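Reader: I have a structure to read and no idea where to begin. Can we go through it slowly?

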Amino acid sequence: MHIKESAPGIGAAITAMADRFIESGLSKIVTWSGWESYGRTGEAASQGGVKIVLTASSIEMSDFNLNPFLAFAGGFPQVLVQKKLYPPVPSNEDGSAKFAPYGLRKVESLLIDEFGEENVVVTHPHNLHRFIGPNTEIIGITTMDPLGTGFVSRTYTSILGLNGRSATLAEFEDLMNDPSIRGSKAKVIVGGSGAWQISELKMQDALGVTSVLMGQAERSLPAIMRDILRGSVPDRTIPMDTPSPDEVPLIKKPAIYGTVEIMRGCGRGCSFCSPTLRHCHSFLLDHIVKEAEVNVRGGTRMIILQTDDVFLYRGKERFLPNKEAIVGLFRAMGMIEGMEYLQVAHASLAPVVYDPSIVEGIAPLLVDRSTWTCRNKRCASVEVGIESGSPRLMRQHMRGKMLPYPPEQWPDVVVRSIEILNDHDIYPLATLILGLPGETDEDIHATVELLERLDGSKLFYVPLLFTSEEESKLRQQRHGALRDLDEDQWGILSSCWKHNIDVWSPERARSILLASTMSGPYFWMKHGSKVLAPILRVSGLEDRLIGRKAAIPCQPNFCTPEIQPIEDAMYEKTEE
Ligand code: B12
Ligand code: SF4
């Protein structure tokens with residue numbers, strides 16, 4: 001999969017990383033020289049600074065050249081992630097950030113309403129010195145993965161090893177060590193969906209964080225900020241109350257990727273998931289269009305519709321999709337002047353099977369405004385959760401995910417939905433979770449079987465280790481660990497990456513072979529003999545040894561699999 005213009009696809013990026021990995025002989029690759037050229041001497045700072053300064057680490061203050069999927073490389077070991085992959089967002093003339101993470105834009109909007117625009121600024125870390133001064137009282141930081149213990153980071157830093165630090169962690173540390181922050185007397189508060197990582201490990205003191213604010217900001221933050229500004233000392237961790245939909249303000253300034261929430265929360269209730277704990281509601285079309293216009297007027301070029309499941313937008317009872325509302329939303333988006341690219345954040349798979357005509361209704365715009373081309377053909381992508389091929393495990397942890405179908409039909413739902421999406425040139429990025437609590441050999445085999453059924457489909461797999469997030473039902477459970485994976489689970493990991501290479505980067509097969517062969521001994525030493533078969537598989541040697549084709553024979557018009565459509569009658573509706 002390739003992104004148009006300058007940004008490479010994630011498949012290409014990962015193989016490019018592997019290429020550099022060989023060239024450097026396992027040595028540190030980062031050669032970038034920093035941001036010295038940015039910023040002038042601080043105007044606001046010379047007048048005492050801005051009262052509330054908001055920021056995020058450099059890796060969260062980038063649009064990865066308009067490639068949100070590439071941003072997941074933030075979870076890779078720092079030494080593999082070149083800084084040029086995440087150029088800083090552009091700045092306005094005064095040094096404020098032109099684009100910022102959407103959650104931070106919400107926080108900014110709340111604080112501007114409360115304290116006035118002159119007292120609040122959002123900036124990239126390289127411009128902090130322009131705003132932090134003796135008058136600065138609060139530095140607010142948003143983060144998705146400050147300590148690199150999110151699921152992507154845990155999985156890929158533990159597999160790839162190297163120095164074991166994800167780029168997200170390294171950048172967060174850099175931010176916290178910024179001389180403007182370290183030298184300031186301001187209180188440092190950290191929020192955002194990764195903030196729990198700091199309080200879980202009680203790292204406030206080590207990082208110089210005054211207080212970690214957990215949850216959504218809308219209801220509680222203004223009062224908390226007022227208290228801090230009056231001089232009270234906040235607790236080290238503060239849970240914030242759940243806001244009602246009408247407390248959520250419009251963003252006032254453009255968000256990275258032109259993000260616009262169309263919904264908040266999900267409600268399908270998967271036990272490992274944090275967004276599901278948010279109250280599920282859809283925003284009014286007028287609210288959505290206004291935010292999209294703020295973004296496009298501000299120059300974002302792209303709109304990401306943020307949702308945990310686009311098919312839940314104004315959904316009906318029992319998770320049934322509302323076709324009119326969804327297609328109407330896309331029609332409205334299509335009319336936004338100046339929007340070059342459109343991307344949907346997440347979708348679930350069951351509604352695709354339940355009413356394929358919705359996909360038919362939205363695919364033309366998604367494909368037409370996609371940033372992706374696949375072998376010279378425009379295609380769209382969306383993140384979906386497959387997670388497991390085991391109906392038993394799905395029933396235990398994700399019984400809402402496949403509604404309105406019962407868990408027993410999950411593998412069929414997955415296969416059929418991917419086929420429908422592929423038929424409409426939508427090639428999803430799909431997550432799988434290894435090591436969910438209670439996972440048995442049979443569950444693992446069921447996932448292997450599902451992957452076999454999907455062989456030849458066009459999707460990009462992201463296999464992940466189960467991570468027990470603080471804000472989820474499974475917060476008491478132990479994280480899934482690489483050392484606990486057995487050979488079959490390693491087999492799943494390697495099959496997924498082999499599939500990704502075969503489908504998206506077959507032309508890189510030789511570099512991958514070289515990279516795997518050279519790094520093989522390192523991985524063997526690190527993880528033991530159970531990685532031998534996975535290395536052979538990813539390298540393509542297994543195919544050569546047993547005489548299979550090294551790449552799926554996927555031709556220019558693409559390889560939609562010849563899978564017999566599943567009888568509609570099989571999809572009996574569940575009464576749950
Ligand atoms: C869009 C998105 C992205 C985009 C970011 C776009 C952007 N920056 O605007 C991209 C694709 C880049 C991305 C990448 C990653 N993401 Co992401 N992403 C999301 C997603 C889907 C939506 C985020 C969003 O805008 N939500 C809506 C806003 C309004 O909510 P919010 O951001 O949480 O903000 C609210 C509160 O957190 C709080 N708040 C936010 N900032 C601050 C700051 C302060 C000071 C305070 C007080 C409060 C506060 O107030 C806000 C309003 O209520 C969420 C899932 C979700 N449903 O939230 C995952 C999510 C945030 N991502 C997640 C992760 C882990 C990542 C990665 C780190 C992957 C990884 N390596 O593991 C990478 C980061 C890579 C990098 N470059 O750093 C996880 C975080 C998990 C966790 N709890 O630790 C989430 C929750 C997904 C999940 N299912 O678990 N992501
Ligand atoms: S379907 Fe996705 S967003 Fe919804 S609860 Fe499950 S994992 Fe979370």
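Author: Start with a definition: axes are lines fitted to C-alpha atoms, for helices over the stretch in contact, and angles run from 0 to 180 degrees between N-to-C directions. Helices (H or I, at least four residues) and strands (E, at least two) are DSSP runs, numbered from the N terminus. This is a predicted model, where local features need pLDDT of at least 70, side-chain atom pairs count only at pLDDT 80 or more, and totals for chains, interfaces and linings use all residues. Residues are numbered from 1 along each chain as its sequence is written, chains are lettered from A and ligands numbered from 1 in the order in which they are written, and side-chain values use heavy atoms, with hydrogens and water left out.

Reader: OK. At what angle do the axes of α11 and α13 cross?

Author: At roughly 10°, and the axes come within 10 Å; α11 covers residues 323-334 and α13 covers residues 356-368. That makes the two helices roughly parallel (angles under 35 degrees; over 145 is roughly antiparallel, 65 to 115 roughly perpendicular, the rest oblique).

Reader: Which residues of α11 and α13 meet?

Author: In contact (heavy atoms within 4.5 Å), α11 offers Lys323, Ile326, Val327, Phe330, Met333 and Gly334, while α13 offers Ser357, Ile358, Gly361, Ile362, Leu365 and Leu366. By class there are eight nonpolar, three polar and one charged. Here Ala, Val, Leu, Ile, Met, Phe, Trp, Tyr, Cys and Pro count as nonpolar, Asp, Glu, Lys and Arg as charged, and the others, Gly among them, as polar.

Reader: And how do α3 and α9 cross?

Author: At roughly 60°, with the axes of α3 (residues 102-115) and α9 (residues 221-229) coming within 10 Å. These two are therefore oblique to each other. On the α3 side the contact uses Val107, Leu111, Glu114 and Phe115, and on the α9 side Leu221, Pro222, Met225, Arg226 and Leu229. Those residues divide into seven nonpolar, no polar and two charged.

Reader: Switching to the ligands. How many residues surround ligand 1?

Author: 43, counting a residue if one of its heavy atoms lies within 4 Å. The closest are Thr142, Ser193, Trp196, Glu218 and Arg278. By class, the shell has 18 nonpolar, 17 polar and eight charged residues.

Reader: What lies 2.5 Å from a polar backbone atom of Ser193?

Author: A nitrogen atom of ligand 1. A side-chain N or O atom of Glu218 is 2.7 Å from an oxygen atom of ligand 1, and a backbone N or O atom of Tyr102 is 3.1 Å from an oxygen atom of that ligand.

Reader: Which residues surround ligand 2?

Author: Cys266, Arg268, Gly269, Cys270, Phe272, Cys273, Thr276, Asp308 and Lys401. That shell has four nonpolar, two polar and three charged residues.

Reader: Which peptide bond is cis?

Author: The one from Leu403 to Pro404, with omega near 15°. Pro404 sits in the loop between α14 (391-397) and α15 (410-423).

Notes:
A polar contact is a pair of N or O atoms within 3.5 Å; within protein, one must be able to donate a hydrogen and the other to accept it, and residues adjacent in sequence count only if both atoms are side-chain atoms.
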